[in-house]
Amino acid sequence: MNISIQHAIETRTSINNFQPNRSLDEDTIKLLVELATKAPSAYNLQNWRFIAVRSEASKQLLKAAAFGQDKITDASVNFIICGTFDAHHQLHNALQPSLENNIMGHNVIDSWVKQATNAYQDNAILQRDEAIRSASLAAMTLILAAQEMGLGTCAMGGFDAKQVSQDFELTANELPVMIVAVGYSTINNWAQKIRKPVTDVLTIV
């Protein structure tokens, strides 16, 4: 299925009812994550990790941590999208492919690593903010990629983050920011809810 980004945005809606027992193959899951990683991140930190919850046992664990929401078990796969802390420590390695492909030079990379280290090294609040920003941008990119593929999605913030961290063995440097349920929608879902007029939310200066 090939549709425009504008059409994907205009037709996307949060799916509450998925067709159960419909799976997504591993290649599609990998493609969704590959596309999600095209999202921007500060300094190209790429400070995110994705956990694809697909097995029934794992879905039941996640459902319990998500306060029993049925969409977790009905969806084909649920992505736990995590933001990561201390990402500046691996920034040089993250930028290395851009050096090898002549996109960035040594001087620019060294400058970015220095700037990022100075910004994040002793600033846990900024690291957390950046982790949430990056994971959220990646989540929206994944949602639009799924929409383009004809799949339904639901971004979910209603879950016990500590329980998710424990059940899915996240490290101390990983923050579960969002769950994105992905699958095949049923016919009994809401249309896209009406948004405020642009004049209510836009100021041009």
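**Exercise 1. Lysine 59 and its partner**

Determine whether lysine 59 is buried or exposed, and then find the residue whose side chain meets that of lysine 59 in a salt bridge.

Solution. Lysine 59 has a relative accessibility of 4% and therefore counts as buried, where buried means under 20% relative accessible area, exposed means over 50%, and partly exposed lies in between (1.4 Å probe, protein chains only). The model is predicted, and local features need pLDDT of at least 70, side-chain atom pairs count only at pLDDT 80 or more, while totals for chains, interfaces and linings use all residues. Residues are numbered from 1 along each chain as its sequence is written, and side-chain values use heavy atoms, with hydrogens and water left out.

The next step is the partner: the side chain of lysine 59 meets that of glutamate 56 in a salt bridge of 3.8 Å, N to O, the rule being a side-chain nitrogen of Lys or Arg within 4 Å of a carboxyl oxygen of Asp or Glu. Both residues belong to helix α3 (residues 56-65), and because they are three residues apart there, about one helical turn separates them. Helices (H or I, at least four residues) and strands (E, at least two) are DSSP runs, numbered from the N terminus. Unlike buried lysine 59, glutamate 56 is partly exposed, with a relative accessible area of 48%.

**Exercise 2. Other salt bridges, and a charge without one**

State how many salt bridges the rule yields, describe the pairs formed by lysine 63 and glutamate 130, and examine the surroundings of arginine 12.

Solution. The count comes to six salt bridges. In one of them, lysine 63 pairs with aspartate 70, the closest N and O atoms being 2.9 Å apart; lysine 63 is buried at 18% relative accessibility, whereas aspartate 70 is partly exposed at 48%.

Glutamate 130 and arginine 133 form another, at 3.1 Å from N to O, and both lie in helix α7, three residues apart, which is about one turn of the helix. Of these two, glutamate 130 is buried at 10% relative accessibility, while arginine 133 is partly exposed with a relative accessible area of 42%. Elsewhere, Glu26, Lys30 and Arg54 are joined into one network by salt bridges that share partners.

Arginine 12, found in the loop between α1 (5-11) and α2, is buried yet has no salt bridge, and glutamate 10, the nearest side chain of opposite charge, is 12 Å away; here Lys and Arg count as positive and Asp and Glu as negative, with His and the chain ends not counted. Leaving aside residues up to four places away in sequence, arginine 12 touches Met140, Ile143, Gln147, Gln192 and Arg195, contact meaning heavy atoms within 4.5 Å.

**Exercise 3. The sheet**

Work out the strand order of the sheet, identify the strands at its edges, and describe how β2 is covered.

Solution. The sheet is open, has four strands in the order β1-β2-β4-β3, and is paired in antiparallel fashion, two strands counting as paired if DSSP finds at least two bridges between them. At the edges stand β1 (48-53) and β3 (152-156), each with a single partner strand, so one side of each has no neighbour in the sheet.

Following the order, six bridges join β1 to β2 (residues 77-84), with phenylalanine 50 opposite isoleucine 81 and tryptophan 48 opposite glycine 83. Eight bridges then join β2 to β4, where glycine 83 stands opposite leucine 175.

As for covering, eight of the eight residues of β2 are buried: Val77, Phe79, Ile81 and Gly83 point one way, and Asn78, Ile80, Cys82 and Thr84 point the other way.

**Exercise 4. Valine 177**

Locate valine 177 in the structure and list what it touches.

Solution. Valine 177 lies in strand β4 (residues 174-183) and is buried, with a relative accessible area of 17%. Not counting residues up to four places away in sequence, valine 177 touches Ile81, Cys82, Gly83, Ala131, Ile132, Ala135, Ser136 and Phe159. A last step compares sequence with space: valine 177 and threonine 84 are 93 residues apart along the chain, and their C-alpha atoms are separated by 9.8 Å.
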